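Me: Hi! Could you walk me through this one while I have it open?

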Amino acid sequence: MPIQVKDVIATAAGLAGREDLAQAAAEARESEEIDVLVRCFNLVENEVALDHIPLKKRETVSAEDGKIAYAKLSEAPIDILSVRSTSGMDIPFELLPDAIGIGGGAGEAEIVYAFAPRKKELGGTSDYSGKVSERLLAMGAAAEFLLAQGRYEEAAAFEKRFRDAVRAANIVRHKLAVRARRWA
């Protein structure tokens, strides 16, 4: 289920002890302080995407003259993770200033890339769902909001909780397996 920006803002305002702002955000009422909270949300979503849990997208695009222009991708890529042929074979690639060089001529390729989220408005939807929860984003936004208000001790406490939540969301959980025993 997609995360609504207004829900994150309402939760962040509640965490910061501002029930008046939480109510205003839930009702999608604009105000100067709500705008500050939306900016805090955008900062946090961007930080999570760039530093901790990248947003990934997979697209099939056509190459021309051995190049795939970045402009052909629906989002602005920050990292190209893989390039494959439509049959699933890895294609060696190089990053050029305005395109991905894949050698050869024309053809289709599947690109997997990480991208930065676009700026959101109060009525928008986050690019995250799943591992990155509304509460995680709200803790980060609350920390930024409290910092902007000069409430440094409370901001530090929420920053720590935010970092712990990001770390917990980013842990890859492996199945425990017992190795087969050999008897000599």
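What follows is a chat about the core, the salt bridges, a charged patch and some backbone angles.

Me: Before we start, what kind of model is this, and what went into the values?
Reply: It is a predicted model, where local features need pLDDT of at least 70, side-chain atom pairs count only at pLDDT 80 or more, and totals for chains, interfaces and linings use all residues. Residues are numbered from 1 along each chain as its sequence is written, and side-chain values use heavy atoms, with hydrogens and water left out.

Me: Great. Which residues touch the most other members of the largest nonpolar core?
Reply: Ile-9, Val-48, Ile-111, Leu-136 and Leu-137 do, out of 54 residues in that core. A nonpolar core here is a set of buried Ala, Val, Leu, Ile, Met, Phe, Trp, Tyr and Cys residues joined through side-chain atoms within 4.5 Å. Buried means under 20% relative accessible area, exposed means over 50%, and partly exposed is in between (1.4 Å probe, protein chains only).

Me: And which elements give two or more residues to this core?
Reply: Helix 1 (5-15), helix 2, helix 3, helix 4 (134-148) and helix 5 (152-169) do, along with strand 1 (55-63), strand 3 (77-85) and strand 6 (107-115). The largest share, 9 residues, comes from helix 4. Helices (H or I, at least four residues) and strands (E, at least two) are DSSP runs numbered from the N terminus.

Me: What about Leu-37, is that buried or exposed?
Reply: Leu-37 is buried, at a relative accessible area of 0%. You'll find Leu-37 in helix 3. Its C-alpha is 9.4 Å from that of Val-8, with their positions 29 residues apart in sequence.

Me: Switching to charges: how many salt bridges are there in the whole structure?
Reply: A search finds 14, counting a side-chain nitrogen of Lys or Arg within 4 Å of a carboxyl oxygen of Asp or Glu.

Me: Which residues does Arg-18 pair with?
Reply: One partner is Asp-20, with the closest N and O atoms 2.9 Å apart; another is Glu-33, also with a closest N to O distance of 2.9 Å. Arg-18 lies in the loop between helix 1 and helix 2 and Glu-33 in helix 3, so that pair ties together parts 15 residues apart in sequence. Arg-18 is buried at 18%, while Asp-20 is partly exposed at 45% and Glu-33 is partly exposed at 30%.

Me: And where are Glu-110 and Arg-58?
Reply: Glu-110 is in strand 6 and Arg-58 in strand 1, so to speak a link between distant parts of the chain, 52 residues apart. Their side chains meet in a salt bridge (3.1 Å, N to O). Glu-110 is partly exposed at 22%, whereas Arg-58 is exposed at 54%. As for networks, salt bridges that share partners join Arg-18, Asp-20 and Glu-33 into one.

Me: Where is Glu-30?
Reply: Glu-30 sits in the loop between helix 2 (19-26) and helix 3 (32-52), and counts as exposed because its relative accessibility is 53%.

Me: Now the backbone: which sign does phi have at Ala-28 and Asp-65, positive or negative?
Reply: Positive: about 60° for Ala-28 and about 55° for Asp-65, although neither is a glycine. Most residues other than glycine have a negative phi. Ala-28 lies in the loop between helix 2 and helix 3 and is partly exposed at 40%. Asp-65 lies in the loop between strand 1 and strand 2 (67-69) and is exposed at 72%.
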